[in-house]
Structure formats: structure tokens, C-alpha cells
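Could you walk me through this model in the viewer, stop by stop? Tell me what to select next and what I should find there.

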Amino acid sequence: MQVPFNRPYTPENAIAFIKNAIESGHLSGNGGYTKRCHTFIKNRYKLKECFLTSSCTDALEMSAMLLNIKPGDEVIMPSFTFVSTALAFHRQGATIRFVDSKKDYPGMDELLIEPLINKRTRAIVPVHYAGTACDMDIILALSGKYGLYVVEDAAHAIESCFNGKQLGTLGNLGCFSFHETKNIHCGEGGLLLVNDESLVERAEILWEKGTNRASYFRGDSSFYEWKDIGSSFLPSELNAAFLYAQLESLAKIQARRISIWNIYFNGLRSLAEDGHIIIPKIPDYATNNGNSFYFLCRDLKQREELLSYLHRFGIMAISHYLPLHKSQFYSGLHDGRKLPFSELYAETLVRLPLYYDLNETQVSGIIEKTIEFFKNK
Ligand SMILES: *Cc1c(COP(=O)(O)O)cnc(C)c1O
């Protein structure tokens, strides 16, 4: 068996759409396919405004710029997340206050946020880990009480909800990833949802290198010029064309990923019942979007043994994340609090291969080898 951790899916229409983009003579950003993607997403999630970006990292950086995050500000987020969540705010000069994970959820413990809030705090950045929602009622109540922005890192969270509401639409801003390892992808890509109407006009300027070019091309301005800070956050039409083919296949891709997730869940349930592993729990307020299937081993040693066992059979299961508060880059800047659950997930979490083209035989084989590892112990 040779099963990579991920294999990017290419929808049938992707090549035709890319060809069409080339023939249209417009390959830079904000062309026909970008507009099609925007319309699709706005209709689907009933949004005011959204912007395709070159990555979720870009969407997070655009958020930090839009909120005028500056030196002296503090931003609260989990330690157990990808680098970009923190990097975007660090670049603007903010101090990152990391929050520990929960005992039964790798995302941040909402009850640990309030003690970290002070007069320098500007924003809370929840990460909806594996597409499972954080408790947004708690986070939005804190945002209201202390006047803080909420930027959702919804990189994993397309088609997933908190109490029936699409993730990424609840905070002031929502950031999605279309990296090839995410549910919907275009190689590298991202999306910023601007839910806060007061931020929309400026978002468009930051998106277009600090100019009002988008407004000019719409015919709303007679020329365009340098207006503000910003960057080139737009993806090319080649990426947007591929992405549009993925969005067209959204229902199909989601059904397949959730089906694989359920096979893993049911297949590994007995191991969890026997106390060998811990499998994910989806709270009543959350949904599962088939972003990733993960479970926890007993300790680091067992996790490493399991990974090498699976790798020996060509099954490329992985672990992640290294806690950001202990990273080479940030450990010296961290305020010193211990975050034991973040470290525990880093040492014990296993992610199994999960992608559209993974077939049932492969999934059964992966389950079988995983069970075999624990039963032979
Ligand atoms: C993947 C990911 C990102 C970064 O996404 P890119 O599109 O690769 O920039 C940010 N946050 C989280 C939680 C992620 O998993």
C-alpha cells in the first residue's frame, strides 16, 4: 500500500476553466473567475463582502493591517495552531498572548481567555481546529464586553457551523485557506470574509496594493492612486479558475470527505472504547466538515512508534503542530505561562490520510494497520 498524506483533487472542469481564463486575455487578479468565486461564496454564505487572496496567511495579514494592529497591542490566540495565525499579528508589532487547548478539543480553551484581557488587548483569534467550532458564544460575549475584534482563523472550516451559522461569518473578519491540504483548494489560495461593514471599503484598497484600483475598474472613480497601506493580496485568474471548478464540486467533495471521516470514526471506535486512543468529540454546537481525521495516542513514544509502523506500510500519517509558545522564534517572547494541553496535543496527535481520491480499500487498510499496531502491543 502507498498512501500519501494528501493528494490534491483536480475537478473535471479545472482544465477547461483555466483554458478559458487564458483565452479571455485577463490572467492577473480580480477578473471573471475571481468574480465568479466571490459571487458563489457570497450567495452560499449570505455575505456582505469577501476577497480571494493568495493564501490564508495573506487573509490573516490583511486582517491585521485592516485592524491597524500596532506595536504595544496584544492579540489572543491558541498556541496549538499553524505559524501564520500568529505571524500575521506579530509582523504588525503585536504581542501574542497564547491560550492553552482544552482537555477534549485541540482548539483554544475559551474559559482561559478573559484573564489575559487588559487595556492593550485588541483582538481574539479563534482557530476552528479540524473544522470543529470554538464556542463562539463565549468569544463574542468577551468581544462585546471588552470591545475587541474577533478574527476567525477558519482555515479548516469551510462548510462547518457554530449553532447553524457558517464559521468565518461570526467574527468581524474570517480567514479561509485554499491550500492543497484543505477541503477546497487551488494549490495555494485563501479568502477573507469582511463581515464588519465599516471595514469593507478599506479592505478593497489594502487588497489592491493600497490603491483604489478596484473602484476605478468598476467605474466608480476616474483614476486610481496610492491611498493607504496594503499589498498584492489578489490571486491570479489561473488560480481562481481552478478554485471555481473546486467550488462547483463543493457538495461532492464534502460528501466524500465526511464519508471517509465516518468510516475512520466507526472503524477506530473499538480502539477508543478499549482505552488505546482518544477519538474526536464534536460538541452539540459544532459540525464535522471532514477536514481532518485525528486521534490521540497515550504519549510521544507511542505516537512515534505508531507513525513509523504506519510509514513502514506506506501509510503517510502525520503529526502536527509544534506549540507556537515553544517555537524557536517565539519562545523568548512568550510570557512564560505553561500551556500543558497544547504540548500534549503536539506529542500525541495523529492525523490519518484524508483526501477526495482515497478509496474504501485504502481506508480499510489504514484502519486495519492502526488496530493491528495497538492489538500487537
Ligand atoms: C493552513 C493553515 C493556515 C495557512 O493557510 P495558507 O493558505 O497555507 O496560508 C493558517 N491557519 C491554519 C489553522 C491552517 O491550518
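Start by selecting α6, residues 200-207. This is a predicted model, so keep your confidence colouring handy if you like that sort of thing. Around the buried residues of α6, the cover includes α2 (32-45), β1 (49-53), α3, β11 (190-194) and α7. Show those elements as cartoon and α6 as sticks. Six of the eight residues in α6 are buried, so the helix is mostly covered. The buried ones are Val 200, Ala 203, Glu 204, Ile 205, Leu 206 and Trp 207.

Now step off the end of the helix. Just after α6, Lys 209 has a positive phi of about 55 degrees. Next, pick Gly 210, in the loop between α6 and α7. Is Gly 210 buried or exposed? Its relative accessible area is 0%, so Gly 210 counts as buried. To see what surrounds Gly 210, leave aside the neighbours within four places in sequence: the contacts are then Ile 205, Glu 225, Trp 226, Lys 227, Asp 228, Ile 229, Gly 230 and Ser 231. For a quick distance label, click the C-alpha atoms of Gly 210 and Ser 232; they are separated by 8.5 Å, with the two positions 22 residues apart along the chain.

Carry on to helix α7, residues 213-218, and select Phe 217 there. With a relative accessible area of 62%, Phe 217 is exposed. Add Tyr 216, Phe 223 and Tyr 224 to the selection: together with Phe 217 they make a nonpolar surface patch of about 450 Å².

**Into the cores**

As background, nonpolar side chains in soluble globular proteins tend to be buried together. Which residues touch the most other members of the largest nonpolar core? Among its 59 residues, those are Ile 41 and Ile 113. Helix α8 (residues 237-248) is the biggest giver to this core, with seven residues. Centre the view on Ile 113 and, skipping residues up to four places away in sequence, you'll find it touching Ile 76, Val 99, Met 108, Ile 124, Ile 139 and Leu 142. There is also a second, separate core of 36 residues, including Ile 69, Leu 173, Cys 175 and Phe 233.

Another covered spot is helix α4, residues 83-90, where Ser 84, Thr 85, Ala 86, Ala 88 and Phe 89 are buried. Show α3 (56-66), β2 (74-78), β3 (95-99) and β7 (149-153) as well, since these are among what covers the buried residues of α4.

**Cysteines**

How many disulfides does the structure hold? Zero. Select Cys 186 as an example: the nearest cysteine sulfur belongs to Cys 37 and is 7.8 Å away. A disulfide here would need the two sulfur atoms within 2.5 Å, so Cys 186 is in none. Cys 186 is buried, at 9% relative accessibility. Cys 297 is buried too, with a relative accessible area of 6%.

**Charged pairs**

Side chains of opposite charge can pair when their charged atoms come close. The count of salt bridges comes to 26, and three of them make good stops.

- Asp 335 and Arg 97: this salt bridge has an N to O distance of 2.7 Å. Asp 335 sits in the loop between α10 (300-312) and α11 (340-348) and Arg 97 in strand β3, so the pair ties together parts that are 238 residues apart in sequence. Asp 335 is partly exposed at 36% relative accessibility, whereas Arg 97 is buried at 15%.
- Asp 73 and Lys 70: the closest N and O atoms of this salt bridge are 3.3 Å apart. Asp 73 is buried, with a relative accessible area of 5%, while Lys 70 is partly exposed at 44%.
- Glu 110 and Lys 102: here the closest N and O atoms are 2.9 Å apart in a salt bridge. Both Glu 110 and Lys 102 are buried.

For the last selection, go back to Arg 97 and Asp 335 and add Glu 74, Arg 120 and Arg 337. These five residues are linked in a network of salt bridges.

Notes: Residues numbered from 1 in each chain as written. Predicted model: local features only at pLDDT ≥ 70, side-chain atom pairs only at ≥ 80, totals over all residues. Heavy atoms only, no water. Core = buried A, V, L, I, M, F, W, Y, C linked by side-chain atoms within 4.5 Å. Buried < 20%, exposed > 50% of the residue type's maximum accessible area, 1.4 Å probe, protein only. Helix = DSSP H or I, 4+ residues; strand = E, 2+ residues; numbered from the N terminus. Contact = heavy atoms within 4.5 Å. Patch = residues over 30% accessible without salt bridge, like charges linked within 9 Å, V, L, I, M, F, W, Y side chains within 5 Å. Areas by Shrake-Rupley, 256 points an atom, 1.4 Å probe, with all protein chains shown as cover. Salt bridge = Lys/Arg side-chain N within 4 Å of Asp/Glu carboxyl O.
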